[in-house]
Amino acid sequence: MAPTTIAASELSRLLGAWATGDGTLSRDLAASLVELIRAGLIPPGAGLPAQRALAGALTVSRGTVTAAYEALAAEGYLATDRGSGSRVRSAHHWLHRELSGRFFSFTNAPGDVVDLSTGALPASPVTYDVLARPVTDRIGSYLVTDGYFPAGLPALRQAIADRFTADGTPTSPEEILVTSGAQEATWLAITGLAGPGDLVLTEEPTYRGALEALRGAGARVEGMPMVDGGLDPTRVRRAAARSPELLYCQTSIHNPTGRTMTAAARHALADVINSTGLATIEDACSADLTLAGHGAAPTLARLVDPALLVTIGSASKLFWGGIRIGWIRAAPERIHGLVELRKPVDLATSVVDQLLAVDLIGHTEVARHQRRAMLTEALAGATATLHEVAPDWTWEPIAGGSGLWVDTGDDAVALVERAKRAGVKLVAGPGFSTYGGYGDHLRLPVWHDPDVLRTALASVV
């Protein structure tokens, strides 16, 4: 099912303060529309408002809108059909261009730009120690092989399974698939379980990388408001009556809010999943980033029928994103199918990265302690800075993670545009929303030096 046409009033809200005064109005409008398209806030297939309606909402001439639409069509962003209006073209038409949205955060940015758009963390101290050791003495036995292990090195699958078992979820290596990072794991799990037109349930807001994978799969995504840090099991049960294909959720440490479900709500959600037979992907990539207690945050893994549950994990949050290791835990027959799905796009994960991950996972408890100490100190500094620089901004206390879900009480999309001109990269709430909501929210990483955060925000608030 293709996305519907965006109302002129809604597009006006997303555009915010789009006129810069540095060029013609049509050029400014075209540039701002491109930003929204690249960020995924106007998804592929979505129809743009009629020119006359948008001109009225923006209080500009129809000619301004016509010129902007024509410029976007010439650049390949829009397909215009007489009598049916203009629609955003499929994503492959601009993949060769400069990226935006979540993945823009991972491209080269000018050195004078302060990037507050991603919660990705620098390497933990234990990672420095492991990477300082030569890998040559560990890789020798693999050099006589072809180097391709589609499901992952046996040693790493065992190490990940042992980690699950130590955390209280008995797991065998046959239940583990090693991937080239958690985003590949997310894509594989979603593509393997949902297709075009399938209804997928998720929290609202949710992880924007998953939203991009769901939209790429052509799924119909329905976001459900969070209650007390997680999904409302009663609402999920009602939604299950409409036969959704899949539930994507984060019950441990939620991205972007940093909240966690209560134990009672998690058990109630597990009961709904088990009784309705609802296939579920649980993203547990941030489960290690807890601010209290020991070990990882609780998940659905011990509560849900293994045939229904796919769990996604990652070495990036705990150790370092430069080690491209993610994983999927699922029933062995599901793992077999996902391996076959993976082969046409990625034959296997780097052997070197996997060997490093074996060593790193052996230091999980040390890394958890280091991350907890680092994030606790960083959170205190970040919140003090926000109270100083933006005293009207609010947020809910977090249970973990690397960022704050901040309610600015204002137009955050416009603030992001102002920040861009000041050399600061921010990300607004609509990027995490299934329907482009949370236009007054920002997700801010907490780990930056308070002086960097203060200077960056003071220039735009």
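**Exercise 1. The open sheet**

Work out the strand order of the 7-strand open sheet, and find what stands at its edges.

*Solution.* Start with the order: this predicted model has an open sheet of 7 strands that runs β4-β10-β9-β8-β7-β5-β6, with mixed pairing. Strands here are DSSP E runs of at least two residues, helices are H or I runs of at least four, and both are numbered from the N terminus. Two strands count as paired if DSSP finds at least two bridges between them. Strands of a sheet pair through backbone hydrogen bonds, either parallel or antiparallel.

Now the edges. β4 (176-179) and β6 (220-225) each have a single partner strand, so one side of each has no neighbour in the sheet. From one strand to the next, the twist averages 20 degrees. Angles run from 0 to 180 degrees between N-to-C directions, with axes fitted to C-alpha atoms, for helices over the stretch in contact.

Next, zoom in on one pair: β5 and β6 are parallel, with 6 bridges. Within this pairing, E203 has M224 of β6 as its bridge partner.

Finally, add a helix: α11 (residues 233-240) packs on the sheet and touches β5 and β6, and its direction makes about 150 degrees with that of β6. Touching, or contact, means heavy atoms within 4.5 Å. Elsewhere, helix α8 (residues 154-166) lies across β4, β9 (309-314) and β10 (326-329), at about 120 degrees to β4.

A word on bookkeeping: residues are numbered from 1 along each chain as its sequence is written, and side-chain values use heavy atoms, with hydrogens and water left out. Since the model is predicted, local features need pLDDT of at least 70 and side-chain atom pairs count only at pLDDT 80 or more, while totals for chains, interfaces and linings use all residues.

**Exercise 2. A small pair of strands**

Sort the residues of β2 (residues 85-88) by face, then find how β2 pairs with β1.

*Solution.* First the faces: S86 and V88 make up the covered one, G85 and R87 the uncovered one. Then the pairing: β1 (residues 78-81) and β2 run antiparallel and are joined by 4 bridges. One position to look up is L78, which stands opposite V88 in β2.

**Exercise 3. Nonpolar cores**

Find which elements build the largest nonpolar core.

*Solution.* The definition comes first: a nonpolar core is a set of buried Ala, Val, Leu, Ile, Met, Phe, Trp, Tyr and Cys residues joined through side-chain atoms within 4.5 Å. The largest one has 30 residues, and W393, L426, L442, L444 and L457 have the most contacts inside it. Two or more residues each come from α15, β11 (403-407), α16 (412-421), β13 and α17 (450-458). The largest share, 6 residues, is from α15.

To see one member up close, take L457: leaving out residues up to four places away in sequence, it touches L116, L386, V389, W393, L426 and L444. A second, separate core has 28 residues, including I190, A194, A279 and I328.

**Exercise 4. Two polar side chains**

Are R368 and T408 buried or exposed, and what do their side chains reach?

*Solution.* Take R368, which is in helix α15 (residues 364-389). R368 has a relative accessible area of 3%, so R368 is buried; the cut-offs are under 20% for buried, over 50% for exposed and partly exposed in between (1.4 Å probe, protein chains only). The side chains of R368 and E365 make a polar contact of 2.8 Å. Such a contact is a pair of N or O atoms within 3.5 Å; within protein, one must be able to donate a hydrogen and the other to accept it, and residues adjacent in sequence count only if both atoms are side-chain atoms. Beyond four places in sequence, R368 touches R163, D167, D288, G295, A296 and L318.

Then T408, in the loop between β11 and α16. T408 is buried too, with a relative accessible area of 7%. Its side chain reaches the backbone oxygen of D440 at 2.8 Å, and a polar atom of the T408 side chain lies 3.2 Å from the backbone nitrogen of D410.

**Exercise 5. Backbone oddities**

Which peptide bonds before P205 and P256 are cis or trans, and what is phi for T59?

*Solution.* Check omega: E204 and P205 are joined by a cis bond with omega about 10 degrees, and the N255 to P256 bond is cis with omega near 25 degrees. For T59, phi is near 55 degrees, a positive value in a residue other than glycine. T59 is exposed, at 72% relative accessible area.
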